[in-house]
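Subject: Handing over the structure

Hello,

I am passing on the structure that we spoke about, so please have it open beside this message while you read. After it you will find what turned up when I went through it.

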Amino acid sequence: MILALIAIVAGFILLMWSADRFVDGAAATAKHAGMPPLLIGMVIVGFGTSAPEMVVSAMAALDGSPGLALGNAYGSNIANTGLILGTTALFIPLTVHSKIIHKELPLLLAITCLTAAFFWNGGLSRTESFILLAGFFGVIGWSIYSAVKGKGDEIEGGMEQNLEEHDMPLGKALFWVVVGLILLIVSSRMLVWGAVTIAQQLGVSDLIIGLTIVALGTSLPELAATLVAAKKGQHDIAIGNVVGSNMFNLLAVVGIAGAIAPMPDVPHELITRDWPMVMGLTIALFVFGYGFRGRQGRINRVEGAILLAAYLAYTSYLAYEITSKAVA
């Protein structure tokens, strides 16, 4: 147990550090290649901040722990919306100006419904997983199109500022892309081993561990990026980080895990307990962030408190399940 806890803590620290280096290196490399700042923000940075979830879920699927992979994806979305956006808006109310985000919010809602439709029969086949991956590449293509057509969008100015702050020579950028990716894989392997070991010793499902410990750890890069963006007044980047990451989690993270190891028996709790939580938070994010009847889309302190309270209540319930089974 002690060794597994050390592996989880060390894995988290290395995961956060390597993900940060990987994103900075990839963004700087794309800038040297002449890629527009908006495209870098929507595709490169969006993909990079979801890299921890993708690698961890792939490792979990390879190790025969599909519940951990699914828990990581769904738990990360719950943490992104409830904990990260909720906490950020509680201190810094967020306003949505970007037209791109207004288009992404209903798309995220549709993707959430799509994953539920696949899980409704109790499993996830390899064909359904490939459909999710096709949707992921479709979202990437749409993001590229939106970035090319979205000149002057509010996200663009913030990304230009961020790229200037993290500017580096091409050689250094490529070095951090390679090293960051290698360390992502190493830290993910440590994290998955530690999480599975603890789940087995506590007698709880790997789904619960994925929804709690692993999901929180892999969401830390989004937490850092969202808080930094909000402090700089880059509200659209703060919300865009979460919306983009949530789409990538449902499409790529679940899709990669299912393509590696199809899941004929998805845990029943995922459908009856976890998906409704993801859906509820996604609907709340859509209602708060989209804006209706001329109202500017925004997440104020009260709405942030609602999101955070929902996350804390859900996590407390999962913690109760873990402790009750551990005591028994």
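Arg-189 and Asp-63 form a salt bridge in this predicted model, and the closest nitrogen and oxygen atoms of the pair are 2.7 Å apart. Because Arg-189 lies in helix α8 (residues 170-202), while Asp-63 sits in the loop between α3 (51-62) and α4 (66-91), the pair ties together parts that are 126 residues apart in sequence. Arg-189 counts as partly exposed, since its relative accessibility is 36%, and Asp-63, with a relative accessible area of 38%, is partly exposed as well.

The count of salt bridges comes to three. Another of them joins the side chains of Asp-24 and Arg-21, with 3.5 Å from N to O; both residues belong to helix α1 (residues 2-32), where they are three residues apart, or about one turn of the helix, and both are buried. There is also a salt bridge between Asp-274 and Arg-273, whose closest N and O atoms are 2.7 Å apart, and these two residues are likewise buried.

Asp-274 comes up again when we turn to the nonpolar interior, as one of the residues in contact with Tyr-74. The largest nonpolar core has 92 residues, and of these Tyr-74 and Phe-119 touch the most other members. Helix α11 (residues 235-260) gives this core its largest share, 13 residues. If we leave aside the neighbours within four places in sequence, Tyr-74 is in contact with Phe-119 itself, and also with Thr-115, Leu-211, Leu-250, Val-254, Leu-270, Asp-274, Trp-275 and Val-278. Apart from this core lies another one, made of six residues, including Ala-27, Ala-30, Val-45 and Leu-163.

Val-45 also has a place in the next feature, because the question there is which residues lie nearest the centre of the largest pocket. They are Val-23, Val-45, Thr-49, Ala-225 and Asn-241, out of 39 residues that line the largest pocket, and the space in this pocket is about 770 Å³. At least two lining residues come from each of α1, α2 (37-49), α5 (99-119), α6 (126-149), α7 (154-165), α10 (220-231) and α11, with the largest share, eight residues, supplied by α1. By class, the lining of this pocket divides into 21 nonpolar, 12 polar and six charged residues.

Helix α11 also holds Ser-245, which counts as buried because its relative accessibility is 1%. Beyond its neighbours within four places in sequence, Ser-245 is in contact with Ser-50, Glu-53, Asn-77, Asn-80 and Glu-222.

Finally, there is one cavity of 30 Å³ or more, and the space in it comes to about 30 Å³. Its lining is made up of Gly-75, Ile-78, Ala-79, Leu-211, Thr-212, Ala-215, Leu-216, Tyr-311 and Tyr-314. The elements that give two or more residues to this lining are α4, α9 (206-218) and α13 (301-327), and the largest share, four residues, comes from α9. Seven of the lining residues are nonpolar and two are polar, whereas none is charged. Leu-211, which lines this cavity, is also among the contacts of Tyr-74, and you may like to look at that residue on the screen.

Best wishes

How values were computed. Residues numbered from 1 in each chain as written. Predicted model: local features only at pLDDT ≥ 70, side-chain atom pairs only at ≥ 80, totals over all residues. Heavy atoms only, no water. Salt bridge = Lys/Arg side-chain N within 4 Å of Asp/Glu carboxyl O. Buried < 20%, exposed > 50% of the residue type's maximum accessible area, 1.4 Å probe, protein only. Core = buried A, V, L, I, M, F, W, Y, C linked by side-chain atoms within 4.5 Å. Contact = heavy atoms within 4.5 Å. 1 Å grid on protein atoms, 1.4 Å probe; cavity = no way out; pocket = protein on both sides within 12 Å on 5 of 7 lines; lining within 4 Å. Points joined across faces, edges and corners; volume = space filled by probe spheres on them. Nonpolar A, V, L, I, M, F, W, Y, C, P; charged D, E, K, R; others polar.
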